[in-house]
Amino acid sequence: MKTKPIKNVYDQMQQFADITKKLIKNGDTGRAKYCIKIVENLFINGNREIKNAIKNVYLFSVSTFLEFQHYSIKNYFPETLRNEYYNQVITTGY
């Protein structure tokens, strides 16, 4: 079965978020945290488009999943992503 080619950075971030959530769901927290660390590195060193994709797609998707599963954001997100998550929560008024 052929899959659709990934077209842009937003689609790539969604695919990476889906992989991260699957790892967490399957109990493979070590690999999930490794994925999150990769995203943090991209967030720190990436251009504006990459940072926006991480904030608007990856971070939103993974943090929502963690909240619904009653996992602690603090246990999964390194400081940079955790701070960005808190900024999103404060901005949206949750």
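**View 1. Ala-17 of helix 1 and its partners in the predicted model.** In this predicted model, Ala-17 belongs to helix 1. The relative accessible area of Ala-17 is 0%, and the residue is therefore buried, a class that ends at 20%. Apart from neighbours within four places in sequence, Ala-17 is in contact with Tyr-58, Ser-61 and Val-62. For Tyr-58, the pairing joins positions that lie 41 residues apart along the chain, with a C-alpha separation of 5.2 Å from Ala-17.

**View 2. The largest nonpolar core.** This core comprises 23 residues, and those with the most contacts inside it are Tyr-58, Leu-66, Phe-77 and Leu-81. At least two core residues are supplied by each of helix 1 (9-25), helix 2, helix 3 (48-68), helix 4 (73-76) and helix 5 (79-92). Helix 3 provides the largest share, eight residues. In soluble globular proteins, nonpolar side chains tend to be buried together. The surroundings of Phe-77 can be followed in detail: beyond residues up to four places away in sequence, Phe-77 touches Ile-36, Leu-59, Val-62, Ser-63, Leu-66, Arg-82 and Tyr-85. Leu-66, listed among these partners of Phe-77, is also one of the core residues with the most contacts.

**View 3. Glu-40, a buried acidic residue of helix 2.** Glu-40 is found in helix 2, which spans residues 29-45. Because its relative accessibility is 6%, below the 20% limit, Glu-40 counts as buried. Two side-chain pairings of Glu-40 are shown here. In one, Glu-40 forms a salt bridge with Lys-37, whose closest N and O atoms are 3.0 Å apart. Lys-37 and Glu-40 are three residues apart in helix 2, so about one helical turn separates them. In the other, the side chain of Glu-40 makes a polar contact of 3.1 Å with the side chain of Thr-80. Leaving out residues up to four places away in sequence, Glu-40 touches Pro-78, Glu-79, Thr-80 and Leu-81. Of these partners, Leu-81 is also among the residues with the most contacts inside the largest nonpolar core.

**View 4. The salt bridges Asp-18 to Lys-21 and Asp-28 to Arg-31.** The model holds three salt bridges by the rule applied, among them the Lys-37 to Glu-40 pair of the preceding view. Side chains of opposite charge can pair when their charged atoms come close. Asp-18 forms a salt bridge with Lys-21, the closest N and O atoms being separated by 3.5 Å. Asp-18 and Lys-21 lie three residues apart in helix 1, and therefore about one helical turn from each other. With a relative accessible area of 38%, Asp-18 is partly exposed, whereas Lys-21, at 18%, is buried. In the salt bridge between Asp-28 and Arg-31, the closest N and O atoms are 3.7 Å apart. Asp-28 is partly exposed at 25% relative accessibility, while Arg-31 reaches 53% and counts as exposed.

**View 5. A nonpolar surface patch formed by Tyr-34, Ile-38 and Leu-42.** Together, Tyr-34, Ile-38 and Leu-42 make a nonpolar surface patch of about 280 Å². Leu-42 lies in helix 2, the helix that also contains Glu-40. The relative accessible area of Leu-42 is 33%, and this residue is therefore partly exposed, falling between the limits of 20% and 50%. Glu-40, by contrast, counts as buried at 6% relative accessibility.

**View 6. Glu-49 of helix 3 beside Val-9 and Tyr-10.** Glu-49 is found in helix 3 and, with a relative accessible area of 43%, is partly exposed. When residues up to four places away in sequence are not counted, Glu-49 touches Val-9 and Tyr-10. Glu-49 and Tyr-10 are 39 residues apart along the chain, and their C-alpha atoms are separated by 8.8 Å.

**View 7. His-70 in the loop between helix 3 and helix 4.** The loop between helix 3 and helix 4 contains His-70. Most residues other than glycine have a negative phi. His-70 is not a glycine, yet its phi is positive, at about 65°. With a relative accessible area of 74%, above the 50% limit, His-70 is therefore exposed.

Conventions
Residues numbered from 1 in each chain as written. Predicted model: local features only at pLDDT ≥ 70, side-chain atom pairs only at ≥ 80, totals over all residues. Heavy atoms only, no water. Helix = DSSP H or I, 4+ residues; strand = E, 2+ residues; numbered from the N terminus. Buried < 20%, exposed > 50% of the residue type's maximum accessible area, 1.4 Å probe, protein only. Polar contact = N/O pair within 3.5 Å; in protein donor to acceptor, adjacent residues only side chain to side chain. Contact = heavy atoms within 4.5 Å. Patch = residues over 30% accessible without salt bridge, like charges linked within 9 Å, V, L, I, M, F, W, Y side chains within 5 Å. Areas by Shrake-Rupley, 256 points an atom, 1.4 Å probe, with all protein chains shown as cover. Salt bridge = Lys/Arg side-chain N within 4 Å of Asp/Glu carboxyl O. Core = buried A, V, L, I, M, F, W, Y, C linked by side-chain atoms within 4.5 Å.
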